[in-house]
Amino acid sequence: MKEEVLRYLDRLQPLALLALRLILGVVMIAHGYGKVFHGGLEQHVHRVASLGLPGWLAYPSACAEFLGGILVIAGLFTRFFSLAILIDMAVAIWKIHWKNGMFGKGGYEFPLTLLTIAFALIFFGAGPIALDAIRSSRGGGNKPKKSKAA
């Protein structure tokens, strides 16, 4: 009985990966939208510079959040953009949230959660319900090559 339940749960793993991608993507789009549109990018450049980092880092940060969020939802270049989001969240924790503690106001609990989801997606990939899976089925993915029998 236990093995049947585990096999059933294993079949649901693609839905779990989809859920992780949807949550991470929606949150990142929401946080990145204001940085990309309506003059927010200039403010983001100043904010990044005020943290003691080069201002130009605001551009890959905004891209990781907004474009990365869109592509993570679609499951396209998921591992790459999950890594970009992980780096973005690590810097946010380091430069903004760490001083507030994990659970204090403005603490790093939420960015750490997003970082952890991105971490999981780096290692597990987007799953079969994703554009990455379609891309890889056309020969551009991670399918093992068949060895020629001698």
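The largest pocket of the predicted model is lined by 29 residues, with S61, E65, D88, M89 and A92 lying nearest its centre. A pocket is here an open set of points, on a 1 Å grid over the protein atoms alone, where a 1.4 Å probe fits and where protein lies on both sides within 12 Å along at least five of seven lines; lining residues have an atom within 4 Å of a point. Rolling a probe the size of a water molecule over the atoms shows where empty space is left. The volume of the largest pocket is about 660 Å³, a volume being the space filled by probe spheres set on the points, with grid points joined across faces, edges and corners. Two or more lining residues are given by each of α2 (13–36), α3 (40–50), α4 (58–74), α5 (78–97) and α6 (109–124). Helix α5 provides the largest share of the lining, 12 residues. By residue class, the lining comprises 20 nonpolar, four polar and five charged residues, where Ala, Val, Leu, Ile, Met, Phe, Trp, Tyr, Cys and Pro count as nonpolar, Asp, Glu, Lys and Arg as charged, and the others, Gly among them, as polar.

Residues are numbered from 1 along each chain as its sequence is written. Because the model is predicted, local features need pLDDT of at least 70 and side-chain atom pairs count only at pLDDT 80 or more, whereas totals for chains, interfaces and linings use all residues; side-chain values use heavy atoms, with hydrogens and water left out.

E65, one of the residues nearest the pocket centre, lies in helix α4. With a relative accessible area of 3%, E65 is buried (buried means under 20% relative accessible area, exposed over 50% and partly exposed in between, with a 1.4 Å probe and protein chains only). Beyond its neighbours within four places in sequence, E65 contacts M28, I29, H31, G32, K35, D88 and M89, a contact being heavy atoms within 4.5 Å. Of these partners, D88 and M89 are also among the residues nearest the pocket centre.

The protein as a whole contains seven helices and zero strands, and its elements run α-α-α-α-α-α-α from the N terminus on. These elements are DSSP runs numbered from the N terminus, helices being H or I of at least four residues and strands E of at least two. The C-alpha trace spans about 60 × 40 × 30 Å along its principal axes. Of the 150 residues, 32% count as buried. Among contacts with a separation of 6 or more, 63% are accounted for by residues 24 or more positions apart.

The loop between α4 and α5 contains L76 and F77. L76 is buried, at a relative accessible area of 19%, and its contacts outside four places in sequence are L71, F81, L131, D132 and R135. The C-alpha atoms of L76 and R135 are separated by 8.5 Å, although the two residues stand 59 residues apart along the chain. F77 is partly exposed, with 40% relative accessibility, and has a positive phi near 55° in a residue other than glycine. T78 is placed in helix α5 and is buried, with a relative accessible area of 0%. Residues up to four places away being excluded, T78 touches R21, L71, V72, L121, G125, A126 and D132. Both L71 and D132 are thus contacts of T78 and of L76.

A second positive phi, near 60°, occurs at H38, likewise a residue other than glycine. H38 is located in the loop between α2 and α3 and is exposed, at 72% relative accessible area.

Six aromatic pairs are counted under the rule that rings of Phe, Tyr and Trp (its six-membered ring) pair if their centres lie within 6.5 Å, planes under 30 degrees apart being stacked, over 60 edge-to-face and the rest tilted. Y33 and F37 form a tilted pair, with 4.9 Å from centre to centre and 40° between the planes. Y33 is partly exposed at 39% relative accessible area, as is F37 at 34%. Ring pairs link these two residues with F66 into a cluster. Elsewhere, K95 lies over the face of W94, 4.5 Å from the ring centre; a charge sits over a ring if NZ of Lys or CZ of Arg is within 6 Å of the ring centre and within 35 degrees of the ring normal.
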